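Visitor: I'd like a quick walk through this one, please. Could we start with how the helices sit together?

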Amino acid sequence: MAAIQLLALLGTLSLLLFVVEAIRRGRLKERYALLWLGAFAVLLLLSLARPWVDWLALVLGIRYGTSLIFLMAFFFLLLIVLHYSLVISEQSEVTKRLAQRLALLEAEIEELRCGRG
Amino acid sequence: MRSLIVVPAYNEAGNVGRLVRAVRSCGLDQDCLVVDDGSSDATALEAKEAGALLVRHPVNLGVGAAEQTGYLFALERGYEAVVRLDADGQHPPAAVSTLLAELESGRADVVVGSRFLEAGGFRSSLPRRLGIKYLCWIIELLCGLKVTDPTSGMRAVNRRVLSLLARAQPEDYPEPESLLWLHRKGFRIREVAVRMAERAGGSSSIGSLGSLYYLVKVTLALVMATLRRAGR
């Protein structure tokens with residue numbers, strides 16, 4: 001087992017552990033963890049099964065098998081970041097709606113208070 | 001027609017009070033709502049003292065959201081029309097009745113006050129006018145709507161349009177995009193000539209470098225609004 005392979009394996013495993021622990025403690029919601037788990041599963045598979053990596057690299061025309069792992073990692077990171085952009089956009093719409101609602105209710109409370117006093 | 005004047009204001013102390021008083025001294029019987037978009041200065045206090053209705057955003061949400069809060073307010077309280085005026089004093093309150101008259105005639109669902117329909121008044125700097133020309137061109141190219149002042153924030157909308165915009169309103173720089181979107185939805189848009197003034201104080205929300213960002217962002221929004229299905 002090459003050193004880089006061991007490193008990839010250890011790195012993936014510890015990150016996987018971290019994510020699972022975060023889900024267990026309720027600090028990470030499942031719906032945001034699915035992509036991470038998928039990424040780790042694939043990376044784990046690739047760092048374990050050297051022949052598969054080499055075969056896949058050969059098919060794809062990549063000379064050095066391990067760089068396929070980096071390629072995959074990069075691809076998953078892109079996916080995850082893109083996913084976050086979508087989530088942020090959704091969140092900002094929700095935040096806007098909440099703030100508007102709050103502002104309107106506050107105005108109404110103010111009026112009621114003035115009307116009474 | 002019971003109508004509401006909506007004034008989105010972000011850090012417009014020194015301007016907003018003057019505008020509200022000007023609106024009231026025009027003899028307009030419309031209610032005037034100031035939407036304070038999370039200002040850090042005395043905007044809200046000034047608006048209140050001048051006698052405006054007031055809604056305060058707890059955080060800054062952008063002019064599009066502030067305008068939309070005005071529509072939500074109007075929708076909940078049964079107003080039949082909304083006229084948006086900018087707090088900086090560019091839009092003459094005296095022209096509100098012109099816009100409303102056009103709306104009441106039933107010829108239009110959206111009436112926009114345009115600086116460029118007739119000569120006179122403040123017409124902005126040359127680079128900005130070029131930018132506006134470009135926006136006119138791209139709006140006509142994308143949806144066939146002919147306008148002269150797509151960035152004008154001075155507009156009156158009827159009940160049907162305001163209830164739609166209360167639900168869905170473009171973000172950040174909403175003016176050109178909402179024109180295109182409303183046109184595609186089949187609403188009738190008309191412009192009336194309005195003499196505008198230079199802003200009384202403070203600075204524009206769009207600086208010189210920001211202008212390029214503005215054009216790029218609005219172009220993207222316009223193209224996306226064209227690709228979206230109109231019946232959304």
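Visitor: Which residues of H7(B) does H5(B) meet?

Guide: This is a predicted model, where local features need pLDDT of at least 70, side-chain atom pairs count only at pLDDT 80 or more, and totals for chains, interfaces and linings use all residues. Residues are numbered from 1 along each chain as its sequence is written, with chains lettered from A and ligands numbered from 1 in the order in which they are written. Contact here is C-beta atoms, placed from the backbone, within 7 Å, and helices (H or I, at least four residues) and strands (E, at least two) are DSSP runs numbered from the N terminus. From H5(B) come Leu135(B), Ile139(B), Leu142(B) and Cys143(B), and they meet Pro176(B), Leu179(B), Leu180(B), His183(B) and Arg184(B).

Visitor: Are H5(B) and H7(B) roughly parallel or roughly antiparallel?

Guide: Axes are lines fitted to C-alpha atoms, for helices over the stretch in contact, and angles run from 0 to 180 degrees between N-to-C directions. The two pack with their axes 11 Å apart, at an angle of about 25°. Angles under 35 degrees count as roughly parallel, over 145 as roughly antiparallel, 65 to 115 as roughly perpendicular and the rest as oblique. So H5(B) and H7(B) are roughly parallel.

Visitor: Is Thr148(B) buried, exposed or partly exposed?

Guide: Look in the loop between H5(B) and S6(B). Buried takes 20 or more other C-beta atoms (placed from the backbone) within 10 Å of a residue's own, exposed 12 or fewer, and partly exposed lies in between. Thr148(B) has 16, so it is partly exposed.

Visitor: Which residue of S6(B) is the bridge partner of Val82(B)?

Guide: Val82(B) sits in S4 (residues 81–84), whose two faces are both covered: Ala81(B) and Val83(B) on one side, Val82(B) and Arg84(B) on the other, all buried. Strands pair if DSSP finds at least two bridges between them, and S4(B) has 4 bridges to S6(B), running antiparallel. The partner of Val82(B) there is Val157(B).

Visitor: And which element gives the most to the side of chain B that touches chain A?

Guide: On that interface, 12 residues of chain B are in contact with 8 of chain A. Strand S3 (53–56) and helix H3 (63–76) of chain B each supply at least two residues of the chain B side. With 5 residues, the top contributor is H3(B).

Methods: Contact = placed C-beta atoms within 7 Å.
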